[in-house]
Amino acid sequence: MHSSLMETKNVSVFETYDELVKATAELFVRLADESIKARGRFITSLSGGNTPKGFYARLAEKEIASQVDWSKVFVFFGDERTVAYQSPDSNQRMITEHLLSKVPLNRENVFALIDPDMDPKQTAIDYERTMHEFFRLAGDELPEFDFMLLGLGDDGHTASLFPGSPALQETQRWFVENKVEKLNTVRLTTTFPVINNSRNIIFLASGKSKAAVLKDVLTGPEGKYPSQNVRAENGNGKLYWYVDKDIASEL
Ligand code: 6PG
């Protein structure tokens, strides 16, 4: 892999998945500490899918979890499927099982999406209102997440921002329902303006099957994949790619 690419795109490559998730947990600890020292809280947006499971499990381990002041950590869900909480496909359920139920987090610090399977449009409106009530910003100011965790899909999607889906065009809303034709479903997702205004945006991705798409996302022409629309646009913002050797094998 070219060292210039590693530098310009801030890509960190780890030998194994296990090392990758350990390093991501350590990054969380460091950024939590810095945010809490600077601003008194650490506001996170967590992602679904399979890849982050190992990260959540690592972070929940005593030796790592004990380094975080959980009373100052706030949790939002970056995207969700339109399923009931009990469904194995529920991101909220997965994140709760792997992390939130295992660390000393106050219940009121976790912001849930209520009944995403019932009425996606209303769920998105309600969740956006929850975000507004938490951040209490004036006018058209955007929220600043301290830790915006993202994944990479094999079609280049991120969060629930799929290629060709309407939410890619969203410039005003913070959180929307998004029709995903190819999956014949509706998803709920944070929008690009919010993602890109985060202080730290972390792509966590792994596995040989996504090596070609990662190469294309990082080195191919812009505008082909939704994940290429992710940029650190906040003056204090930083974008990290945390990947394993397998997914980086074509770089
Ligand atoms: C979700 C996501 C999604 C995910 C990618 C990668 O709800 O599925 O948040 O954007 O990060 O699809 O998923 P995997 O880690 O399962 O490959």
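**The ligand and its surroundings**

Of the 14 residues around the ligand, counted where a heavy atom lies within 4 Å of it, those that come nearest are Thr-51, Arg-81, His-157, Ala-159 and Lys-210. This is a predicted model, in which local features need pLDDT of at least 70 and side-chain atom pairs count only at pLDDT 80 or more, while totals for chains, interfaces and linings use all residues. Residues are numbered from 1 along each chain as its sequence is written, and side-chain values use heavy atoms, with hydrogens and water left out.

The shell around the ligand divides into two nonpolar, eight polar and four charged residues, where Ala, Val, Leu, Ile, Met, Phe, Trp, Tyr, Cys and Pro count as nonpolar, Asp, Glu, Lys and Arg as charged, and the others, Gly among them, as polar. An N or O atom in the side chain of Arg-81 is 2.6 Å from an oxygen atom of the ligand, and a polar side-chain atom of His-157 lies 2.7 Å from a ligand oxygen atom. From Gly-48, a backbone N or O atom lies 3.3 Å from an oxygen atom of the ligand.

Elsewhere, a search of the whole structure finds 21 aromatic pairs, meaning rings of Phe, Tyr and Trp (its six-membered ring) with centres within 6.5 Å, called stacked when the planes are under 30 degrees apart, edge-to-face when over 60 and tilted for the rest. The rings of Phe-76 and Tyr-127 have centres 6.1 Å apart and planes at 65°, so this pair is edge-to-face.

How values were computed
A polar contact is a pair of N or O atoms within 3.5 Å; within protein, one must be able to donate a hydrogen and the other to accept it, and residues adjacent in sequence count only if both atoms are side-chain atoms.
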